[in-house]
Amino acid sequence: MMVPAKRVDPVGGEELSGCFVVCSEHIGFNWRFLGRMLGMSSFELDAIWEKHPRDLREQVTTMLESWKEKNSSRATKAILVDALRRCKMNLAADLVENIQQH
């Protein structure tokens, strides 16, 4: 059985845009906790909040894009799912896990 190749993002590594959309729809005000689990600093998270103070979805998306850019090929769906589970964001983790990137 052939396994389809994973799409590669121009930044490097897996294509995660679909995962980021799901996260932006299912992660609430605890997005900072997830950001810390992904290794982002309080300074980075504060800057994101200040840039988008009234747009929760944009905060989540920007945080994930920053994580992806900072970690390049080490930013994978598996690492994102693991961080979601450690944050007890199991619904989001399940949904991200089941995304088929094309």
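**Six helices and their salt bridges**

Let's start with one residue: arginine 32 is partly exposed, because its relative accessible area is 23%. The cut-offs are these: buried is under 20% relative accessible area, exposed is over 50%, and partly exposed is in between, with a 1.4 Å probe and protein chains only.

Some ground rules. This is a predicted model, with residues numbered from 1 along each chain as its sequence is written. Local features need pLDDT of at least 70 and side-chain atom pairs pLDDT 80 or more, totals for chains, interfaces and linings use all residues, and side-chain values use heavy atoms, without hydrogens and water.

Now the overall layout. The chain has 6 helices and 0 strands. Along the sequence, the pattern reads α-α-α-α-α-α. Helices (H or I, at least four residues) and strands (E, at least two) are DSSP runs, numbered from the N terminus. The chain has 102 residues, and 40% of them count as buried. Take the contacts in the chain with a separation of 6 or more: 65% of them come from residues 24 or more positions apart. Contact here means heavy atoms within 4.5 Å.

Next, charge pairs. Side chains of opposite charge can pair when their charged atoms come close. A salt bridge here is a side-chain nitrogen of Lys or Arg within 4 Å of a carboxyl oxygen of Asp or Glu.

How many salt bridges does the structure hold? There are 5. Back to arginine 32: its salt bridge partner is aspartate 46, with the closest N and O atoms 2.8 Å apart. The pair links distant parts of the chain, 14 residues apart: arginine 32 sits in helix H2 (residues 31–37), aspartate 46 in helix H3 (residues 42–51). Aspartate 46 has 33% relative accessibility, so it counts as partly exposed.

Which residue does lysine 70 meet in a salt bridge? The partner is glutamate 44, at 3.3 Å from N to O. This pair too links distant parts of the chain: lysine 70 is in helix H4 (residues 56–71), glutamate 44 is in helix H3, and 26 residues separate them. Lysine 70 counts as partly exposed because its relative accessibility is 43%. Glutamate 44 is at 24%, so it is partly exposed.

Staying in H3, look at tryptophan 49. With 39% relative accessibility, tryptophan 49 counts as partly exposed. Not counting residues up to four places away in sequence, tryptophan 49 touches Trp31, Arg32 and Gln59. So arginine 32 turns up again. The C-alpha atoms of tryptophan 49 and methionine 63 are 9.2 Å apart, with these positions 14 residues apart along the chain.

On to the other end. Glutamate 97 and arginine 85 form a salt bridge, with 2.9 Å between the closest N and O atoms. Glutamate 97 is in helix H6 (residues 90–97) and arginine 85 in helix H5 (residues 77–86), so to speak a link between distant parts of the chain, 12 residues apart. Shared partners then join Arg85, Asp94 and Glu97 into one salt-bridge network.

How do those two helices pack? H5 and H6 meet at an angle of about 165 degrees, and their axes are 8 Å apart. That makes H5 roughly antiparallel to H6, because angles over 145 degrees count that way, under 35 as roughly parallel, 65 to 115 as roughly perpendicular and the rest as oblique. Axes are lines fitted to C-alpha atoms, for helices over the stretch in contact, and angles run from 0 to 180 degrees between N-to-C directions. In H5, the residues in contact include Leu80, Val81 and Leu84; in H6, Ala92, Ala93 and Val96 are among them. By class, this contact has 6 nonpolar, 1 polar and 4 charged residues. Nonpolar means Ala, Val, Leu, Ile, Met, Phe, Trp, Tyr, Cys and Pro; charged means Asp, Glu, Lys and Arg; the others, Gly among them, are polar.

A second packed pair: helix H1 (residues 17–26) and H4, at about 145 degrees, with axes 8 Å apart. From H1 come Phe20, Cys23, Ser24 and Glu25; from H4, partners include Val60, Leu64 and Trp67. The classes here are 5 nonpolar, 2 polar and 4 charged residues.

Last stop: threonine 76, in the loop between H4 and H5. Is threonine 76 buried or exposed? Buried, because its relative accessibility is 17%. Leaving aside neighbours within four places in sequence, threonine 76 contacts Glu14, Leu16 and Trp67.
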